[in-house]
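Trainee: I should like to learn how to read the features of a structural model. May we begin with contacts between charged side chains?

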Amino acid sequence: MKRWAIAVAMLGFASPALAGVVPIAGVFGNGAGCAFYMTGKASPDMVVLTPDTVSSGKGGCDFMSLTATESGGFSVGAVCSGDGHEGIDAVSIADRGEAGFFVSVNGQAEWGPLLACPGVEDLSPGVRI
């Protein structure tokens, strides 16, 4: 239950009106992740990416700083928790264009594809949506 509360709290800080750590606009996820973002109903297989967080059914990360921008994505320093772990971690976000975003924490299992969640579009200029 604690994991869901953490995930909900992290998503609550994301605001499309404010600039996020990662220069993406909108919310991206798998089907379960987008449903969670819109309804608050969590599921074990959800993954949601915002400019400030990534959350899954097992935990999540609050992005602290953009450490590198590469042609294919971003590297981010983050505070992560879940599955008995809490600490500072390296998050990689690969932008594969039409195929979506793919996220990994400390080079471990990759989550994706994460596609734009319908109904939460952001019209911020100069960032990918």
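Mentor: A salt bridge is a side-chain nitrogen of Lys or Arg within 4 Å of a carboxyl oxygen of Asp or Glu. The model here is predicted, so local features need pLDDT of at least 70, side-chain atom pairs count only at pLDDT 80 or more, and totals for chains, interfaces and linings use all residues. Residues are numbered from 1 along each chain as its sequence is written, and side-chain values use heavy atoms, with hydrogens and water left out.

Trainee: How many salt bridges does a search of the whole structure find?

Mentor: The search finds one. Glu 110 pairs with Arg 96, and their closest N and O atoms are 3.0 Å apart. The pair links distant parts of the chain, 14 residues apart: Glu 110 lies in strand β8 (residues 110–116), and Arg 96 in the loop between β6 and β7 (101–105). Helices (H or I, at least four residues) and strands (E, at least two) are DSSP runs, numbered from the N terminus.

Trainee: Are Glu 110 and Arg 96 buried or exposed?

Mentor: Buried means under 20% relative accessible area, exposed over 50%, and partly exposed in between (1.4 Å probe, protein chains only). Glu 110 counts as partly exposed because its relative accessibility is 44%; Arg 96, at 41%, also counts as partly exposed.

Trainee: What should one look for in the backbone?

Mentor: Most residues other than glycine have a negative phi, and most peptide bonds are trans. In this model, a cis peptide bond joins Gly 112 and Pro 113, with omega about 0°; Pro 113 is in strand β8. Asp 83, which is not a glycine, has a positive phi of about 50° and sits in the loop between β5 and β6. Asn 106, likewise not a glycine, has a positive phi of about 55° and belongs to the loop between β7 and β8.

Trainee: What is the volume of the largest pocket?

Mentor: A pocket is an open set of points on a 1 Å grid over the protein atoms alone, where a 1.4 Å probe fits, with protein on both sides within 12 Å along at least five of seven lines; lining residues have an atom within 4 Å of a point. The volume, the space filled by probe spheres set on the points, is about 460 Å³ for the largest pocket. Of its 21 lining residues, those closest to the centre are Ser 56, Lys 58, Asp 83, Val 105 and Trp 111. The elements giving two or more residues to this lining are β4 (59–70), β5 (73–82) and β6 (85–95).
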